[in-house]
Amino acid sequence: MAYRHIKIPTTGEKITVSNGKMHVPDQPIIGYVEGDGIGPDITKACLRIWNAAVEKAYGDKRRIHWCETFLGEKAAGLYDGNYCPDETLEVLQDLVVSIKGPLTTPVGGGFRSLNVALRQDLDLYACVRPVKHYRGVPSPLKHPQKVDIVLFRENTEDVYAGIEYKTGTPENQKVADFLRNEMKAKFFEGAGIGIKPVSEFGSKRLVRKAIQYAIDNGRESVTLVHKGNIQKFTEGAFRNWGYDVAREEFGKVTITEEQLYGEYKGKQPEGKIVIKDRIADIMFQMMLLRPDEFDVIATTNLNGDYLSDAIAAEVGGMGIAPGANIADFVAVFEATHGTAPKYANLNKVNPGSLLFSGVMMLEYLGWKEAADLISLVYPEVVSDGIVTYDFARQIDGATEVGTSQFADALIERIKGGIDLDAKRGAQQEQLAKERKQREVRRLLQPMEEMIESGRVPHTVGDLMTRSLVTVTDDETVENAMHAMTDNGISSVVVEADADGEWGIVTRRDIISRILNARKSTSTTKVKEIATRPIVSVPVETNIREAAKLLSEKNFSRLTVQQGGRIIGIVTETDIFNAVEKFGFLAD
């Protein structure tokens, strides 16, 4: 296909997707956008570094054939004022993988952010932001080396869907009247109104990608970050759908945090990834106090926006924070900072954000050796004090260099050679040591570790006993008593009868219905004293709601169900202990 301004290289091959897999040739064509402001400076420097790393890692076997595409101000100059030409979107889709510098969103009404336009038009639903500390980079933390997370932010929904109604407009009045009159909602007159859609489809595909990333990269855990204690049907639903994906699609390789502590006593089984969740405001605190407790994060759009920038500030700032917007396969890697026009064409700024976005891109291609060359020489150059102005003013005795000179220093170190196996081995050894330390803490003081790591239960699924002990209708009460004694429990679940109804037998039932009635435990059948039907609640039921139900029904326990099956029991003792240990139940 002929394009107006974009010239597809005559050498190289396009990346293809078939049978649900991406196929990367040894000579791929990759798209790039220089970007606005400082974009040309950092893009030119990074292209040289990426090419040097690929050449060092693979010699003549592999090479990237770069295809320049146009967005932002450069596009406007070529396409009669159009900042986001259709042919660029077509090429980015066709090439599958591309990378871009920072873009300016034109000032004036009617313009979408170019970044938002890309995400929506190409359905780049996952914003992926790795954040880790590199030795030598200035940081406000005492132990910045503990920060090493990959954040998956849902990119298409939440308040960023753009469903808003300005106060004073007819549209706003129509929505406000509907909410007040039909839905009985209460809010102040003159309020601007925004709609926050969070769908099962959007949530699940984001969490699915995060879990798969954790599996592919040997990560330890995936944390679902949400504000579900307040926004139960959006943020809370995101959390629940995330657990559903883990259980239904990755059940063989995932366990919940409750299982980690309850079934495995804090010792993480080999080959298992822990799925956990944290309330968003607690997560901000945890990323300052206990960042090494978290590995991969999956969250909604607004939470991800806040968190990714806040965590980046812990390890050197947005200037070195990489990112990518990814669909099922199509991926646009990007610098995450702005265009900084006052530094344009001054050969001054730090290329780190775009540089490490390129490292992400190389990893995405499966070219780990080239990616590691850059990641491993970068801290050596910075630790030698060879840095751009932003770091130079924070490091005593540093040698301040320009953008291109910093690239020269990295390329020189890359070409000089580095023992990748030794460096990787040292990293893996350190990672294993840190994981072992966390495991020992969990084994020695599990409750303290749960509290210190921000784990606050808020649904019955967090408190329930999952190891169900069941008996059948035709077993004797004596057998049921033995089952209680052997397992140290005060009740057993009775399996479903012919009508599909489950039952329960408690110690109190045996005392009141057997001993007090002078019946024989060896001849009386369970079905004669079982309570049916039992009161069961969904696994996502809020603990406050469960406590209210126990009080109203004058029960001491509830069974917990998921997908039509009983999966656990939560008792008044469980709730009492949670309140005593966590001091919680406040939203």
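1. Strand β6 (residues 126-132) and strand β7 (residues 148-154) pair in the antiparallel sense, with seven bridges between them, and within this pairing P130 has V150 of β7 as its bridge partner. The model under discussion is a predicted one, in which local features need a pLDDT of at least 70.

2. Both strands belong to an open sheet of 11 strands with mixed pairing, whose order is β4-β3-β5-β15-β14-β6-β7-β13-β10-β12-β11. The edges are taken by β4 (65-68) and β11, each of which has a single partner strand, so one side of each is left without a neighbour in the sheet. From one strand to the next, the twist averages 25 degrees.

3. Strand β12 (residues 273-279) deserves a closer look. Its pairing with β10 (residues 221-226) is parallel and runs over six bridges, with V225 standing opposite R278 of β12. Its pairing with β11 (residues 254-256) is also parallel, over three bridges, and here T256 has I275 as its bridge partner in β12. The connection from β11 through helix α8 (residues 257-262) to β12 makes a right-handed β-α-β unit.

4. Is β12 mostly covered or mostly open? It is mostly covered, since seven of its seven residues count as buried, that is, under 20% relative accessible area. In a regular strand the side chains alternate between the two faces of the sheet. In β12, I273, I275, D277 and I279 point one way while V274, K276 and R278 point the other way, and the charged residues named here are buried along with the rest.

5. Two helices lie across this part of the sheet. Helix α7 (residues 235-250) lies across β10, β11, β12 and β13 (296-299) and runs at about 155 degrees to β10, whereas helix α9 (residues 280-289) lies across β7, β10, β12 and β13 and runs at about 110 degrees to β12.

6. Among the 10 aromatic pairs in the structure, Y378 and F406 form an edge-to-face pair, with 5.8 Å from centre to centre and 75 degrees between the planes. Because Y378 lies in helix α12 (residues 368-383) and F406 in helix α14 (residues 403-416), the pair ties together parts that are 28 residues apart in sequence. Y378 counts as buried because its relative accessibility is 0%, and F406 counts as buried at 2%. Ring pairs link these two residues with Y134 and F356 into a cluster.

7. Charged ends over rings should also be noted: that of R153 sits over the ring of Y160, 5.0 Å from its centre, and that of R180 sits over the ring of F187, 4.1 Å from its centre.

Note on methods:
Residues numbered from 1 in each chain as written. Predicted model: local features only at pLDDT ≥ 70, side-chain atom pairs only at ≥ 80, totals over all residues. Heavy atoms only, no water. Buried < 20%, exposed > 50% of the residue type's maximum accessible area, 1.4 Å probe, protein only. Helix = DSSP H or I, 4+ residues; strand = E, 2+ residues; numbered from the N terminus. Pairing = 2+ DSSP bridges. Right-handed = clockwise from strand over helix to strand, strands pointing away. Phe/Tyr/Trp six-rings, centres within 6.5 Å; stacked < 30°, edge-to-face > 60°. Lys NZ or Arg CZ within 6 Å of the ring centre and 35° of its normal. Axes fitted to C-alpha atoms, helices over the stretch in contact; angles between N-to-C directions. Contact = heavy atoms within 4.5 Å.
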